[in-house]
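Colleague: Could you take a close look at one part of this model with me? I would like to go through its surroundings step by step.

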Amino acid sequence: MKVAVVGTGYVGLVVGACLAEAGNDVACADVSSEKIDGLRKNQLPIFEPGLDTLVERNQEEGRLQFTTDVGAAVEASEIVFIAVGTPPDEDGSADLQHVLAVAETIGDHMNAPKIVITKSTVPVGTAEKVRRAIAGRTSEKFHVCSNPEFLKEGAAVEDFMKPDRVVVGVDSPEAAEIVGELYAPFVRTGKPLLFMDIPSAEMTKYAANAMLATRISFMNQIAELCEKVGADVTLVRKGIGSDARIGSAFLFPGPGYGGSCFPKDVKALIRTGDDCGVSLDVLKAVEDVNARQKRRIFEKLHEAAEGNLHGRRVAVWGLAFKAETDDMRESPAIDLIQALLDAGATVRAHDPQAVDNARHIFGGRIEYAEHAYDAVKGADALAIVTEWLEFRNPDFGRLKSLLKTPLIVDGRNLYEPARMRQLGFRYIGIGRGEGA
Ligand code: NAD
């Protein structure tokens, strides 16, 4: 099939490359000529495991093209995905200006019947707004579908290729048939392709992210309580996760959720609720807990430094909001580093992929280390924010000799407290004791 994907970010690029890999002719369009120029040379604007290979192979085989000419991409396609950003507006609602701008461009370039699919995460009612924006500019026949994306950054290619499910909100059986054909190669293992009405599809995405964010905030509060009562949250997590009704995924306490989705989607759903007279109190608490959690590593460092971090040097391992991505949007590392700087500490940070993005945020206000061990040289403490594999089994002897004070505050509970104590570290995790 001939497909256009408008918006070539974390989602659009993965969608475009994976659809090309399945044999479709795909044009990825973006307003950023810098991104498009780079992509034409197989230079990816983001880090996402396995994506570079897909982009290179499919460009080489002529199934994947990159363009800044959104109109031309639309004209050449039967199916158009809208995958542009939907950042939070000032009041927390999703800002639809990019989605609707693309809808207008689509309307202006409707040279034949097409299926328009909203892939961006958008509130209930957006597909209708897209429909109206297009209909106002063309008399061609078209369908609008809502097909929210559930991929996880860091495993995005795998998630798109082998989804747990594909959700599609449709306005007609014809649209369902065509979208069904497009997705057939990805659900051959029997995973469900769920067709539903459009508002339900739009709501499903927000409900899924809100549920996941709720699990995280819930576990972060249980972790806080564990610290007070002398329990170990890592054991409690295993204890509850083995209950089939609960399941073991997404029960890890940590430095607070970040990324481009959970914070904005929880906010947008709360806003939708308020607009409809439904106060989503659970989610309001989820947000409050998360805002507090994002200060926890700093508070632990502050307490360990007896309330005075002025002039202290802190090493930070991990800048990305989670492992296997370079994405720093809403990363807990930003809150930590800002709090450390405000307290007069100096920071030297290392991340395998996110340093370039960190430079955009902090510029010369912090130091960047190319290697993890360089970051800790002469530091008064090490703070671990991201659960990158390379941090999981370090040379503890080397670490201890490089640190000025053997203090580690671990926002990801990567190590065993008792062992760390034996090795001579003061090791402070989340929701557990210090390994008596
Ligand atoms: P992104 O910021 O990485 O990419 C958006 C792209 O759209 C940018 O490259 C931007 O230049 C381009 N763009 C903006 N306006 C445009 C226009 N008028 N015409 C053409 N291109 C335009 O965003 P993202 O992380 O890929 O997210 C896109 C959407 O997908 C959001 O709604 C997000 O909530 C949703 N989503 C994201 C993820 C994720 O993990 N990042 C997962 C699922 C869903």
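Which residues does G424 touch, not counting residues up to four places away in sequence?

Modeller: Happy to! Please keep in mind that this is a predicted model. G424 touches K400 and P406, once residues up to four places away in sequence are set aside. As for its place, G424 sits in the loop between α18 (417–422) and β14 (426–428). G424 has a relative accessible area of 34%, so it counts as partly exposed, in between the limits of 20% and 50%. For a sense of distance, take N393, which is 31 residues apart from G424 along the chain: the C-alpha atoms of the two are separated by 16 Å.

Since you have the structure open, the ligand deserves a visit too. Its surroundings comprise 25 residues, with D30, K35, T86, E153 and K264 the closest. By class, this shell has nine nonpolar, nine polar and seven charged residues. Among the polar contacts, a polar side-chain atom of E153 lies 2.7 Å from a nitrogen atom of the ligand. The backbone takes part as well: a backbone N or O atom of V11 is 2.8 Å from a ligand oxygen atom, and a polar backbone atom of V31 is 3.4 Å from a nitrogen atom of the ligand. On its own the ligand has 830 Å² of accessible area, and the protein covers 87% of that. Two or more residues of the shell come from each of the elements α1 (10–21) and α5 (97–108).

Note on methods. Residues numbered from 1 in each chain as written. Predicted model: local features only at pLDDT ≥ 70, side-chain atom pairs only at ≥ 80, totals over all residues. Heavy atoms only, no water. Helix = DSSP H or I, 4+ residues; strand = E, 2+ residues; numbered from the N terminus. Buried < 20%, exposed > 50% of the residue type's maximum accessible area, 1.4 Å probe, protein only. Contact = heavy atoms within 4.5 Å. Near = heavy atom within 4 Å. Polar contact = N/O pair within 3.5 Å; in protein donor to acceptor, adjacent residues only side chain to side chain. Areas by Shrake-Rupley, 256 points an atom, 1.4 Å probe, with all protein chains shown as cover. Nonpolar A, V, L, I, M, F, W, Y, C, P; charged D, E, K, R; others polar.
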